[in-house]
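Trainee: Could you take me through one part of this model up close, and then work outwards from there? I'd like to see how the pieces hang together.

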Amino acid sequence: MLAFRGEAHVERWCEARRIPQGAVFGLDQAWGLGREWYADKLSPEWHRATPEEAEATWARLGLTGDFWRLA
Amino acid sequence: MHSSEEVDRAVRLCVYRRFLDHGTPPRVDQVADELGLPPAEAEGSFRRLEEGHVLVFEPGTLDVWMANPLSAVPTDFSVETPRGTYWANCVWDAFGVVAMLGGDGVASTHCPCCDEPMELGVESWELRPAEGVAHFAVPARHWWADIGYT
């Protein structure tokens with residue numbers, strides 16, 4: 001997952017590599033992913049999110065649709 | 001320490017603590033020594049943590065490549081935090097390093113399209129205003145087919 005200066009930069013980069021564009025979303029949502037996924041990573045109680053928990057986290061951040069489905 | 005769950009928890013915490021303290025991940029024998037584990041038990045735990053997608057190894061070894069969000073090899077995601085400066089695996093993990101270490105830090109990267117530098121700062125758990133977007137090339141259900149490219 002990479003950060004670009006804007007959506008047009010993603011389009012140019014994908015075109016140059018002849019790869020389909022994937023999911024484009026805001027840096028605030030990317031920060032939300034980092035926060036939700038890793039804030040408790042150093043806790044003894046940390047556990048890896050189940051697929052259901054992962055999809056629920058992404059949905060809370062507005063990341064929904066087939067791209068974000070694990071099953 | 002008896003159950004595999006307890007061993008894996010201790011091994012995980014040991015790997016992360018040493019990674020953060022030294023800037024590089026420990027070898028499996030160093031973890032075994034520190035925790036007083038027989039080498040085979042530490043190796044078994046490393047393999048379980050890999051199967052559980054907690055650790056990622058250099059192919060064919062037990063050498064840690066990723067203990068997400070941390071990367072053992074240099075990347076285009078350098079993260080400066082009060083605890084230290086670390087490599088992250090991607091922009092999600094760059095923010096993850098900041099979150100894991102208390103919610104303050106700056107991730108530095110470059111736009112892959114034009115190579116312009118980007119600085120993404122977080123202060124007291126708030127993202128500073130920044131121009132840009134994030135892009136995932138690979139759908140979520142395929143990430144672990146090649147976790148080095150998402």
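Trainee: Which residue in β7(B) is the bridge partner of B:His110?

Mentor: B:Pro117 is the one you're after: that residue of β7(B) is the bridge partner of B:His110. Before you lean on any of this, keep in mind that the model is predicted.

Let's stay with that pair of strands for a bit. β6(B), residues 105–110, and β7(B), residues 117–123, run antiparallel and are joined by six bridges. They make a hairpin with six residues between the strands. If you plot the backbone torsions there, look for B:Asp115, which takes a positive phi near 65°.

β6(B) has another partner too. β4(B), residues 78–81, pairs with β6(B) in the antiparallel sense, this time over three bridges. For a residue to click on, try B:Ser78, whose bridge partner in β6(B) is B:Ser108.

Now look at where the side chains of β6(B) go. In a regular strand, side chains alternate between the two faces of the sheet. That pattern shows up here: B:Gly105, B:Ala107 and B:Thr109 point to one face and are buried. B:Val106, B:Ser108 and B:His110 point to the other face, and these are not buried. So what about the two residues we just used as handles? Both B:His110 and B:Ser108 belong to the face that is not buried.

Zooming out a step, chain B is divided into domain 1 (4–67) and domain 2 (71–134). Taken over C-alpha atoms, the centres of the two domains of chain B are 25 Å apart. Where they touch, domain 1 of chain B puts in seven residues and domain 2 of chain B also puts in seven. On the domain 1 side, β2(B), residues 64–67, gives the most, with three residues. By class, that side has five nonpolar and two polar residues, and no charged ones.

Elsewhere in chain B, you can pick out B:Glu34 in helix α2(B), residues 28–35. B:Glu34 has 15 other C-beta atoms within 10 Å, so it counts as partly exposed. Its C-alpha atom and that of B:Glu51 are 23 Å apart, although the two residues are 17 residues apart along the chain.

Next, the contact between the chains. Chain A brings 36 residues to it, and chain B brings 38. On the chain A side, β1 (2–4), α1 (7–17), β2 (23–26) and α2 (27–38) each supply at least two residues. The largest share comes from α2(A), with 10 residues. Sort the chain A side by class and you get 22 nonpolar, six polar and eight charged residues.

There is also a sheet shared across the chains. Three strands form an open sheet in the order β1(A)-β9(B)-β2(A), with antiparallel pairing. β1 and β2 of chain A stand at the edges with a single partner strand each, so one side of each has no neighbour in the sheet. The twist averages 35° from one strand to the next. α2(A) packs on this sheet, touching β1 and β2 of chain A as well as β9 of chain B, and its direction makes about 90° with that of β2(A).

For the register between β1(A) and β9(B), residues 133–136, count three bridges in the antiparallel sense. A:Ala3 stands opposite B:Ala134, and A:Phe4 stands opposite B:Val133.

Last, chain A taken by itself. Its secondary structure comes to three helices and two strands, and along the sequence these follow the pattern β-α-β-α-α. Its radius of gyration is 14 Å, well over the 11 Å that the globule rule gives for 71 residues, so chain A is more spread out than a compact globule. Along the principal axes, the C-alpha atoms of chain A fill a box of roughly 45 × 25 × 20 Å. Buried residues make up 25% of the 71 residues. For a helix out in the open, go to α3(A), residues 51–60: the number buried is one of its 10 residues, so it lies largely in the open. After α3(A) comes A:Gly62, with a positive phi near 85°.

Terms used:
Residues are numbered from 1 along each chain as its sequence is written. Chains are lettered from A and ligands numbered from 1 in the order in which they are written. This is a predicted model: local features need pLDDT of at least 70, side-chain atom pairs count only at pLDDT 80 or more; totals for chains, interfaces and linings use all residues. Two residues are in contact if their C-beta atoms, placed from the backbone, lie within 7 Å. Helices (H or I, at least four residues) and strands (E, at least two) are DSSP runs, numbered from the N terminus. Ala, Val, Leu, Ile, Met, Phe, Trp, Tyr, Cys and Pro count as nonpolar, Asp, Glu, Lys and Arg as charged, and the others, Gly among them, as polar. Two strands pair if DSSP finds at least two bridges between them. Axes are lines fitted to C-alpha atoms, for helices over the stretch in contact, and angles run from 0 to 180 degrees between N-to-C directions. A residue is buried if 20 or more other C-beta atoms lie within 10 Å of its own, exposed if 12 or fewer, and partly exposed in between; C-beta atoms are placed from the backbone. The radius of gyration is taken over C-alpha atoms; the globule rule is 2.2 Å times the number of residues to the power 0.38. Domain bounds come from an automatic or database domain assignment.
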